[in-house]
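Biologist: I would like to learn how to read a model like this one. Could you walk me through it, feature by feature?

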Amino acid sequence: MLLKKLTEACGAPGQEGEVRDLIRSEIEPYVDEIRTDALGNLIAVKNPSAAGPKVMLAAHMDEVALMILGIEKNGYLRFRPIGGIDPRVLVAKTVLIGEKKIPGVIGSKPIHLQKPEERQRPMGIDELLIDIGAKNQDEAEKLVKLGDCAYFATKYEEFGQDKVKAKALDDRVGCALLIEILKENYEFPLYGVFTVQEEVGLRGAGVAAYQVQPDVALVLEGTTASDVPGTGTHLHATSVGKGPALTVMDRTVIPHPSLVRELIDLAEQHSIPYQIRRTNTGGTDAGQIQLTAGGTKAAVIAVPCRYIHSAASVMSKQDFESALKLAKTYLLSLHEREGKQ
Ligand code: CO
């Protein structure tokens, strides 16, 4: 199953190779051209010489991870997060490290040994170590190199009503949408771009957009759902199960208002559920794509995901299907408009 394969693959920012190889093998039969650029963005093209508009769809391949930056004498590993990870979600999680997927567990001082004041506060990154079962530094160095990354060892599972739990739904859900979209045929040039290094500041997307110079771009994302314990409904950025979220503003982009309007009109005409993302925090590749070269009309379609950037996030399969339908309906509307001209 596509989303299972994608979320169980590992790809820290700058180390997207495994995810890229998987995506490449999935889309190769459906595209006319495919290449990897200097940063590692995977750029697939359908109908490169057709008449415009030139459309770019983007999803990022990377996920938040932990980079190994120290190996202690006793064989424990020290690490730093790459991308936004709350240290409080790390304690006692199992991980897989590097290309060989060496198993480990994120250890800390057990509660029995903690001083009363230590029990009152969360463990910081410097108080956590990864235990790979090595008896000393020499043994650990045979398994892990500095610069390797550790990933949550989470298996994809379907559960409850129509829900999925997995690691890295941000943004393998966007990758899965884009793969599905590339399986269809279109009459205009369509660039499917799987970007790198989004989680460390949208670094791949601008470089890719400069090469493509699209007329219009849609970013496909997994976004924060805040229908979680401890938040009032007025703080709900998005809710799982209420359809794909459209961004009107985040920290990096104000999507093109007429493009957002078109997406809303199409959703309403075709009875596709949708919601407006009600927060201005977070960022997406759209922030870089719209500013690259002469500028591009851009918008974001996102699948709401609870507990994003943790060992297990949760999404609705129905939201995925609705996001896919909305994106395809938009692309079909471009066909029809082109035909009328
Ligand atoms: Co993302």
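Biologist: What do the buried residues of helix 6 pack against?

Modeller: Helices (H or I, at least four residues) and strands (E, at least two) are DSSP runs, numbered from the N terminus. Contact means heavy atoms within 4.5 Å, and buried means under 20% relative accessible area (1.4 Å probe, protein chains only). Here the partners are strand 2 (42-46), strand 3 (55-60), strand 12 (190-195) and helix 8 (286-289). Buried residues of helix 6 (residues 203-212) include Gly 204, Ala 208 and Val 212. Gln 213, with a positive phi near 45 degrees, follows helix 6.

Biologist: What should I know about the model itself?

Modeller: This is a predicted model: local features need pLDDT of at least 70, side-chain atom pairs count only at pLDDT 80 or more, and totals for chains, interfaces and linings use all residues. Residues are numbered from 1 along each chain as its sequence is written, and side-chain values use heavy atoms, leaving out hydrogens and water.

Biologist: Which residues coordinate the cobalt ion?

Modeller: Donors are N, O and S atoms within 2.8 Å of the metal (3.2 Å for Na, K and Ca); water is not among the atoms, so sites may look incomplete. His 60 (NE2), Asp 170 (OD) and Glu 221, through OE twice, coordinate the cobalt ion at 1.9 to 2.5 Å. Asp 170 sits in helix 5 (residues 169-182) and Glu 221 in strand 13 (residues 216-224), 51 residues apart. Asp 170 is buried at 10% relative accessible area, and Glu 221 is buried at 4%.

Methods
Buried means under 20% relative accessible area, exposed over 50%, partly exposed in between (1.4 Å probe, protein chains only).
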